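The following exercises concern the structure shown below. Please attempt each task before reading its solution.

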Amino acid sequence: MKTNSIGIGFRKDFADEFIDNSNFSPDFVEFAPENWVDMGGYWKKILDKVTEKYPAICHGLSLSIGSAEDLDMVFLKKLKKFLDQYNIEIYSEHLSYTKAENAHLFDLLPIPFREDAVKHVVNRIKKVQDFLERPLVIENVSYYTPVAAEMSEEEFITNIVNESGCKMLLDVNNVYVNAFNHNYDTKAFIDSMPLDKIAYLHMAGHTKVSDDLIIDTHGQAIIDPVYDLFDYTVSKINPVPVLLERDFNIPETNELITEMSRLKEITTKHWEGVKCF
Amino acid sequence: MLLNETIDIQNRVARYCKSGIEEDIPGVTKNRLHNYRRLIYNIVDDTMSTAFPITKEWLSRDEWDMLVSDFLANHSAQTPQVWKLPSEFYSYVKNNNYANRFKKEALNDLLFIEWIEIEVHTTPDISVPEYKADGDLLSDKLILNPHFRLIQLTYPVHNHHAGEASKNRGNWYLLIYRNQETNAVHFMQLSQLYVFIIEQLTDNPMSVSDLIPLINTAFGIDDEATLLANLKPFIESLAAKTVILGYSNK
Ligand SMILES: [Fe+2]
């Protein structure tokens with residue numbers, strides 16, 4: 001995967017565009033393995049075509065790294081086989097939990113920012129990395145309320161990344177959403193992240209549902225303040241791949257192409273000719 | 001290890017999201033937690049609405065909402081893959097007898113057939129033994145397309161509106177198969193004899209000549225000429241539909 005490259009989430013809703021639209025040429029794609037593992041027939045053929053055409057990253061949904069539950073070894077075995085089969089080098093997951101009391105919930109619940117949770121997550125990250133024989137990349141998530149926090153979100157993330165030795169997927173939109181919802185300073189938050197550990201970046205749109213709440217829907221275009229924060233973030237880090245997430249309310253493909261071009265303009269401005277610093 | 005206190009807090013959040021019943025959860029911002037409950041409810045509702053569009057249309061709004069909210073509250077989802085969750089929803093509704101409660105007898109069959117359509121559409125690709133497109137109907141082995149399910153319904157929801165189907169209790173046999181070329185899923189109603197034939201071919205590829213004595217034993221049909229006259233168009237129609245892929249003489 002080239003470092004200054006802009007990818008987009010591969011979704012069934014606009015799958016044909018990835019194969020047939022010659023104007024649409026993301027540098028790479030990202031998809032959730034949960035949506036494709038065990039899939040045969042029509043959709044497998046589409047996935048095969050897409051992964052033949054583009055380099056791919058997998059971004060998981062149900063690993064539930066923050067759960068008290070045991071890791072789901074049956075799923076992890078399938079996942080490993082899948083990642084091997086499609087030659088996926090980067091596998092990322094959310095710093096959240098999606099399972100409790102033996103029930104999957106299919107949404108990203110906020111882990112209490114506490115010392116025992118840091119240790120627990122660090123332990124599980126190591127187990128997953130050992131089993132999958134590839135690094136696990138952990139993403140900062142949007143959250144709508146802290147739960148029984150004993151430290152800040154920055155401390156929580158930084159401690160986990162540093163103690164586990166994992167890489168980070170920094171979602172710039174999530175930083176913006178959380179800063180808005182919990183009154184942080186966005187740039188100070190970016191500054192506090194382990195910026196030398198970033199594997200790649202996420203960018204997305206969100207939905208403001210009230211005067212004091214934004215929901216991370218991935219259903220709108222990216223707004224200017226998030227581009228500004230992206231510009232700031234890119235200026236601070238070494239070149240890495242950047243992924244545009246769009247899951248709902250899919251617009252005309254040209255709008256996605258325009259968003260990706262705008263992201264590339266920003267990364268090129270900062271990273272052109274830059275190897276490392 | 002997570003402390004018991006942290007586990008308990010995480011469980012309370014999850015329990016609230018499932019049931020909507022308030023829990024005592026420390027250190028949360030007022031009026032924010034319900035967003036998680038709403039997001040999770042919507043994910044389950046959307047997943048089931050997409051998987052079971054005909055069932056949803058048939059039930060009243062209240063009945064549908066009751067199924068979704070009871071399922072979320074009372075069932076512990078086992079699959080990490082949300083697109084497989086409709087299978088658990090079907091089992092939950094069937095095992096908890098909502099068909100009786102709603103006085104909608106065909107409910108289980110309708111959910112079942114809608115799920116099986118997804119299952120056949122998505123079922124992992126199975127490799128097929130070698131075959132040739134043309135062969136001798138009588139002596140060559142018939143090679144089945146393995147991407148199918150044979151099911152039995154009590155109500156004919158496959159060709160009747162579910163309300164009408166509820167009045168037609170019986171034994172309905174269906175072949176639900178994935179076309180090998182288009183990957184589209186189709187239904188075919190079968191008689192018991194034809195179910196028997198497909199079952200035999202599934203267990204062990206064989207020729208029509210091999211089938212005839214088996215049919216004779218199972219159904220007592222010994223008029224070979226009439227049987228062959230019936231089998232030929234049936235086999236040909238299965239071949240046209242890619243249920244039979246071809247022939248093998250190995
Ligand atoms: Fe993200």
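**Exercise 1.** State the accessible surface of chain A and the share of it that belongs to carbon and sulfur atoms.

Solution. In this predicted model, the accessible surface of chain A is about 10,800 Å². Carbon and sulfur atoms contribute 47% of that surface. As for the residues, 61% of the 277 in chain A are buried.

**Exercise 2.** Determine whether the radius of gyration of chain A agrees with that of a compact globule.

Solution. Step one is the expected value: for 277 residues, a compact globule would have a radius of gyration near 19 Å. Step two is the value for chain A, 18 Å. The two agree. In addition, the C-alpha atoms of chain A fill a box of roughly 50 × 40 × 40 Å along the principal axes.

**Exercise 3.** Describe the secondary structure of chain A and the sequence separation of its contacts.

Solution. Chain A has nine helices and twelve strands. Among its contacts with a separation of 6 or more, 80% join residues 24 or more positions apart.

**Exercise 4.** Give the separation between the mean positions of the positive and negative charges of chain A.

Solution. Chain A carries 28 positive and 45 negative charges. Their mean positions are 6 Å apart.

**Exercise 5.** Locate A:Glu133 and A:Ala148, and classify each as buried or exposed.

Solution. Begin with the backbone: phi is near 55° for A:Glu133 and near 45° for A:Ala148. Each is a positive value in a residue other than glycine.

Next, consider the loops. A:Glu133 is in the loop between helix H4 (115-132) and strand E7 (136-139) of chain A, while A:Ala148 is in the loop between E7 and helix H5 (153-164).

Finally, apply the cut-offs: buried means under 20% relative accessible area, and exposed means over 50%. A:Glu133 has 61% relative accessibility and therefore counts as exposed. A:Ala148 has 6% and therefore counts as buried.

**Exercise 6.** Describe the surroundings of A:Ser62.

Solution. A:Ser62 is in the loop between strand E3 (56-59) and helix H3 (73-85) of chain A. Its relative accessible area is 8%, so A:Ser62 is buried. Leaving aside residues up to four places away in sequence, A:Ser62 touches A:Glu34, A:Glu93, A:Thr98, A:His104, A:Phe106 and B:Pro80.

**Exercise 7.** State how far apart the C-alpha centres of the two domains of chain B lie.

Solution. The domain assignment of chain B gives domain 1 (1-104) and domain 2 (126-250). Their C-alpha centres lie 39 Å apart.

Notes:
Residues are numbered from 1 along each chain as its sequence is written. Chains are lettered from A and ligands numbered from 1 in the order in which they are written. This is a predicted model: local features need pLDDT of at least 70, side-chain atom pairs count only at pLDDT 80 or more; totals for chains, interfaces and linings use all residues. Side-chain values use heavy atoms; hydrogens and water are left out. Helices (H or I, at least four residues) and strands (E, at least two) are DSSP runs, numbered from the N terminus. The radius of gyration is taken over C-alpha atoms; the globule rule is 2.2 Å times the number of residues to the power 0.38. Buried means under 20% relative accessible area, exposed over 50%, partly exposed in between (1.4 Å probe, protein chains only). Contact means heavy atoms within 4.5 Å. Accessible areas come from the Shrake-Rupley method with a 1.4 Å probe; for residues, only the protein chains shown count as cover. Lys and Arg count as positive and Asp and Glu as negative; His and the chain ends are not counted. The place of a charge is taken as NZ of Lys, CZ of Arg, CG of Asp or CD of Glu. Domain bounds come from an automatic or database domain assignment.
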